[in-house]
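Work through the exercises below with the coordinates open. Each task is followed by a stepwise solution.

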Amino acid sequence: MLDYFSHTHDTAFARDKLLPIAREVVKFYDTHWHHKNGKIHMYPMYSGEGDRNPHNPAADTAGLHRILGELQTLPASLTTSADRAYWAEVEGRLPAPAVGENAQDNDTEWGPGDRLKTAHDVFLGTDTNNQNLYPIFPMRLFGAGLPHLDLAVASYQGRRGKYPANGTQDWRHDAIHAAYLGLTAEAMFQTVGAFRTGSWRYAGFGPGASDGEPGQEAHAIAKTALQAMLLHPGAADDAILYNAWPSEWDVQFKLHTTGGRTVQGQLLNGKSEHTVTPAGVGNVIVDGRDPGAGAATGIR
């Protein structure tokens, strides 16, 4: 809902739908759990499907950091002073993101050995859906154009669930995570694989695995990854064009981004042109990196 508002600036939507729900979600997390040493302590919890009873799972913790940060940047005409004061208080009670070198380590100043963890007391967990990478997507606390990119890339490289190393893609976000991190060759590999066809009459029906066939999760993930390879949401209202897009792929595009803008253009035979309408809302940064199809990622 915050993403929708950032794209449309639809104040009626924010007032009538976004804020009534957001207020209650924040209140639930603040009041449902015990507080420990002045911080919200989320326990008992689930992380994904397989990891039970972790403390402060990464997905929930990152989600609250993202939501509370964005709620406080909404136009003051949409929120009350009481809203803003409460959200700032809750943000101060949030546990730090789950980052460290092992299950017992939780750092607030991150070094080269640190990785995104599944929870404060779980390093990678047993779930191959890579819950520790949810702070990259869908929460967008880490990624290209944001601080600590090296930490996020190293966490992706060391993830538990990998395609094709240990299983099918299904609902796993490898393609999106690689695209958000600007890993061109890896994003190409994962996205092309996620678009694979099955033995079905209709192109939208792909192969499945754990949940049976036909499967649609991988195709939906591939669509999101493909767009993020081309136009990636950066910091604030910035966007990164060709964030993980190989120069050998010709493309014509028209995509929407924040502030009601559209970015339209093409990359043909290695030559790029684009226009932004309307101009003046954030920056569209053209990424010159291109470790494309010939690059060795060492990730898979």
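**Exercise 1: a small sheet**

In this predicted model, strands E7 and E8 run antiparallel and are joined by three bridges. Task: place this pair in its sheet, and state which strands stand at the edges.

Solution.
1. One residue pair fixes the register: Leu231 lies opposite Leu241 in E8.
2. The sheet is open and has three strands in the order E7-E8-E12, with mixed pairing.
3. Strand E7 (231-233) and strand E12 (284-286) are the edges; each has a single partner strand, so one side of each lacks a neighbour in the sheet.
4. From one strand to the next, the twist averages 25°.
5. Helix H8 packs on the sheet and touches E7 and E8, its direction making about 90° with that of E7.

**Exercise 2: the nonpolar cores**

Task: find which residues have the most contacts inside the largest nonpolar core.

Solution.
1. The largest core has 35 residues, and Ile136 and Leu230 have the most contacts inside it.
2. Elements that each supply at least two of its residues include helix H5 (149-157), helix H8 (217-230) and strand E9 (251-256).
3. A second, separate core has 21 residues, among them Phe13, Trp33, Leu68 and Trp87.
4. Beyond four places in sequence, the residues touched by Ile136 include Leu116, Phe142 and Tyr180.

**Exercise 3: Arg66**

Task: decide whether Arg66 is buried or exposed, and identify its side-chain polar partner.

Solution.
1. Arg66 belongs to helix H3 (residues 58-71).
2. Its relative accessibility is 12%; buried means under 20%, so Arg66 counts as buried.
3. The Arg66 side chain makes a polar contact of 2.7 Å with the side chain of Asp3.
4. Leaving aside neighbours within four places in sequence, Arg66 is also in contact with Pro138, Met139, Arg140 and Leu141.

Definitions and conventions. Residues numbered from 1 in each chain as written. Predicted model: local features only at pLDDT ≥ 70, side-chain atom pairs only at ≥ 80, totals over all residues. Heavy atoms only, no water. Helix = DSSP H or I, 4+ residues; strand = E, 2+ residues; numbered from the N terminus. Buried < 20%, exposed > 50% of the residue type's maximum accessible area, 1.4 Å probe, protein only. Polar contact = N/O pair within 3.5 Å; in protein donor to acceptor, adjacent residues only side chain to side chain. Contact = heavy atoms within 4.5 Å. Core = buried A, V, L, I, M, F, W, Y, C linked by side-chain atoms within 4.5 Å. Pairing = 2+ DSSP bridges. Axes fitted to C-alpha atoms, helices over the stretch in contact; angles between N-to-C directions.
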